[in-house]
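Q: I should like to learn how to read the features of a structure that is new to me. Where should we begin?

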Amino acid sequence: LSVCAQQIHCILSAIREQRKSFTFTDGSLVTLDQRAGMFITMNPGYAGRQELPENLKALFRGVTMMVPNREIIMKVKLAACGYQQNE
């Protein structure tokens, strides 16, 4: 994961400096799209998975995902459409 952290740092530095292209960690010249985004999906609760190192975690904003409560969503949608009894 430390190699990944170096690569992401390289990309983010180029974005901050608003470069059109930059030299990647392996020496290759890469054209940069300023609209690029990076996402990491982790599920550390499973066996064999590990947490992100702090240096890599610091580069990303944490987001928590959960299963939606469909019953509440439908009640709100029905109420928004004008239904009085949405039970």
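A: Let us begin with accessibility: a residue is called exposed when its relative accessible area is over 50%, buried when that value is under 20%, and partly exposed in between. Please bear in mind that this is a predicted model.

Q: Why does Gln-18 count as exposed?

A: Gln-18 counts as exposed because its relative accessibility is 64%. The residue is found in the loop between helix H1 (2–16) and strand E1 (21–23).

Q: What should one look for in the backbone angle phi?

A: Most residues other than glycine have a negative phi. Gln-18 is not a glycine, yet has a positive phi of about 50 degrees.

Q: How should one read the nonpolar residues?

A: In soluble globular proteins, nonpolar side chains tend to be buried together. Here the largest nonpolar core has 6 residues: Cys-10, Ile-11, Ala-14, Phe-22, Phe-24 and Leu-32. Helix H1 supplies the largest share of this core, 3 residues. A second, separate core of 5 residues includes Ile-8, Leu-12, Leu-52 and Leu-56.

Q: Which residues does Phe-22 touch, not counting those up to four places away in sequence?

A: Phe-22 touches Cys-10, Ile-11, Ala-14, Ser-28, Leu-29, Val-30 and Leu-32.

Q: Where is Met-38 found?

A: Met-38 is found in the loop between strand E2 (29–31) and helix H2 (54–57). Its relative accessibility is 28%, so Met-38 counts as partly exposed. Leaving aside neighbours within four places in sequence, Met-38 is in contact with Ile-8, Ile-11, Leu-12 and Phe-60. Met-38 and Phe-60 are 22 residues apart along the chain, and their C-alpha atoms are separated by 8.6 Å.

Definitions and conventions:
Residues are numbered from 1 along each chain as its sequence is written. This is a predicted model: local features need pLDDT of at least 70, side-chain atom pairs count only at pLDDT 80 or more; totals for chains, interfaces and linings use all residues. Side-chain values use heavy atoms; hydrogens and water are left out. Helices (H or I, at least four residues) and strands (E, at least two) are DSSP runs, numbered from the N terminus. Buried means under 20% relative accessible area, exposed over 50%, partly exposed in between (1.4 Å probe, protein chains only). Contact means heavy atoms within 4.5 Å. A nonpolar core is a set of buried Ala, Val, Leu, Ile, Met, Phe, Trp, Tyr and Cys residues joined through side-chain atoms within 4.5 Å.
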